[in-house]
Amino acid sequence: SGPAKRVPYTLSHLQTYAGAMQDILMEKDATFALLESLPKESEYADKTRLDSICGAVLSVNRQNVGECSYTKRFKRGVLTSPVEILFPEETIDPRYPRLLFALMEKEVGQIVAPFAWGILDIMQYFEKHHEDLVQDIQNGTVSKASRLPENLRQALEAKMKPDPERASELRGEIAKGFDSIIPRIWPHCSRIVSVGSGAFAFYGDMLRRYTGDIPFNNGFFATSEALIGRSMGDETDEYALSTDGAFFEFLEPGGSVEPVDADHIVCGKDYEIILTNDAGLYRYRLGDVINISRIEQGVPIFTYEYRLDEQFNLNGVPVNERDLTKAAWYLAENTKIEIRDFCAMGEGNRLVFFVEPAPDAVQVLMKLNNDDQSRLIDESLCTTNVSYAASRESGAVHPPVLRILQPETHLLYRDRRMF
């Protein structure tokens, strides 16, 4: 969780993650998984190597799941992505090859990703690059539009076979538009497994444009340091606290009291998670805040709310991801404008709220009264944040300011950070 850092892990520590991932991947015949290892290019002075937790767990599970075979029947635990994409030798943008090999396979049974915004991003990428992708499927090629290193592009192309029939199917469905396109191009896809709760709920809601009636399952709530909870089922934001391989304590955000264990938490309250695990972390503050819904058979049931390091102070008033997400929803509902992404920052005693509308909504939003839009942000924050409301009434915090961003601003920012 939080800024990039090296996190210790051991094989026994990874087994909990590996078991959870295997449970998900073995559930369906073929999985479009938005997962990959980081390239192990750099070695530190202490001989450690860089990898993501997904990459480390994929390595543990490598013998149990395989890539799709296009010449024989599926077995459980098959991924659409070739091994070269799951374990790249250098840093690449994996979106084009991920989509290409997933689109080739009509029998996809589920889509799996760490977070809902990753699936939303890949579907928006599909909407933009569908012509090149479908042409490659028709020809059995990997276009240079993929922007892959030449040796990798050729290795992937060697796995391709021309499939004009599948290309024709895809073109027919794309011609109908992108609403509910996932069940149309993958008719056997029966669930989306991805964290879409808390601050990610905004992206989960936008993703439903593409998924239609396919149910969402949050899968597992996990950080690089520990697997924290298991989803309570489809279409719920609740998790059951995991008790495998870690000991959790709970600290009230901003409170001065000592952390408490699971026997002393109070239902309805927010808590920051404090972790002790068998990889060497002791009373480690994750920065993730959860809300305790109830206790079932001694196990806390919770929802993910926000991260402490993603909040900021306005003249001493904390504003967190949950507050901002609700403000974005409120603005979208009341202006009838599709908002693709948003962010915010504190500027002295004023909130600056940045909104990225859908491409066809930019001019519409700019023509609306900016003061009215700012007022909607203010109304929402006053409703969700008591401290903010009091500070606005006293004048300690000034009215927010709305700024409109151009389309794909957030996507460009993420690309620059990642690649």
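Trainee: Where does S146 lie?

Mentor: In this predicted model, S146 lies in the loop between α5 (116-139) and α6 (150-157).

Trainee: Why is S146 called buried?

Mentor: The relative accessible area of S146 is 4%. Buried means under 20%, so S146 makes the cut. Leaving out residues up to four places away in sequence, S146 touches Y96 and R153.

Trainee: Y96 belongs to helix α4, right? What makes you say α4 is largely enclosed by the rest of the structure?

Mentor: Yes, Y96 is one of the buried residues in α4. Just count: ten of the ten residues of α4 (residues 95-104) are buried, so this helix is largely enclosed by the rest of the structure. Among them are R95, R98, L99 and F101.

Trainee: And how much of the chain counts as buried?

Mentor: 49% of its 419 residues. The chain has 14 helices and 18 strands.

Trainee: Okay, another loop. How do you know that V397 is buried?

Mentor: V397 has a relative accessible area of 0%. The limit for buried is under 20%, so V397 counts as buried. You'll find V397 in the loop between α13 (386-394) and β18 (401-404).

Trainee: What is V397 in contact with?

Mentor: Setting aside neighbours within four places in sequence, V397 is in contact with L314, N315, V317, N349, Y388, S391 and R392. Take N349: 48 residues from V397 in sequence, yet 5.0 Å away in space, C-alpha to C-alpha.

Trainee: How many of the chain's contacts reach far along the sequence?

Mentor: Look at contacts between residues at least 6 apart in sequence: 63% of those join residues at least 24 apart.

Trainee: Now the rings. How many aromatic pairs are there?

Mentor: A search of the whole structure turns up twelve aromatic pairs.

Trainee: Why is the pair of F200 and Y304 called stacked?

Mentor: Check two values. The ring centres are 6.3 Å apart, and pairing needs centres within 6.5 Å. The planes are at 25 degrees, and under 30 degrees counts as stacked, so F200 and Y304 are a stacked pair. F200 sits in the loop between β5 (191-195) and α9, and Y304 in strand β13 (residues 299-307), so to speak distant parts of the chain, 104 residues apart. Both F200 and Y304 are buried.

Trainee: What makes the pair of F221 and Y239 tilted?

Mentor: Their planes are 45 degrees apart, with 5.6 Å centre to centre. Under 30 degrees would be stacked and over 60 edge-to-face, so 45 falls in the rest, tilted. This pair links strand β7 (residues 220-222), home of F221, with strand β9 (residues 238-241), home of Y239, 18 residues apart.

Trainee: Are F221 and Y239 buried or exposed?

Mentor: F221 comes in at 4% relative accessible area and Y239 at 0%. With the limit at under 20%, both are buried. Ring pairs also link F115, F200, F221, Y239, F302 and Y304 into a cluster.

Trainee: What describes the packing of helix α9 and helix α10?

Mentor: An angle of about 35 degrees, with the axes 10 Å apart, for α9 (residues 201-211) and α10 (residues 321-335). A201, F202 and D205 of α9 meet T325, A328 and W329 of α10. By class, that contact has four nonpolar, one polar and one charged residues.

Trainee: Why is K336 called exposed, but E235 partly exposed?

Mentor: K336 has a relative accessible area of 71%, and exposed means over 50%. E235 is at 45%, which lies between the 20% and 50% limits, so E235 counts as partly exposed. K336 is in the loop between α10 and β16 (339-347), and E235 in the loop between β8 (227-231) and β9.

Trainee: What is phi for E235 and for K336?

Mentor: Phi is near 55 degrees for E235 and about 60 degrees for K336. Both are positive, though neither residue is a glycine. Most residues other than glycine have a negative phi.

Trainee: Last one: how many cavities of 30 Å³ or more does the search find?

Mentor: One. About 70 Å³ of space lies in the largest cavity. Its lining includes S12, H13, Y17 and D278, and helix α1 (residues 11-25) gives the largest share, four residues.

How values were computed: Residues numbered from 1 in each chain as written. Predicted model: local features only at pLDDT ≥ 70, side-chain atom pairs only at ≥ 80, totals over all residues. Heavy atoms only, no water. 1 Å grid on protein atoms, 1.4 Å probe; cavity = no way out; pocket = protein on both sides within 12 Å on 5 of 7 lines; lining within 4 Å. Points joined across faces, edges and corners; volume = space filled by probe spheres on them. Helix = DSSP H or I, 4+ residues; strand = E, 2+ residues; numbered from the N terminus. Axes fitted to C-alpha atoms, helices over the stretch in contact; angles between N-to-C directions. Contact = heavy atoms within 4.5 Å. Nonpolar A, V, L, I, M, F, W, Y, C, P; charged D, E, K, R; others polar. Phe/Tyr/Trp six-rings, centres within 6.5 Å; stacked < 30°, edge-to-face > 60°. Buried < 20%, exposed > 50% of the residue type's maximum accessible area, 1.4 Å probe, protein only.
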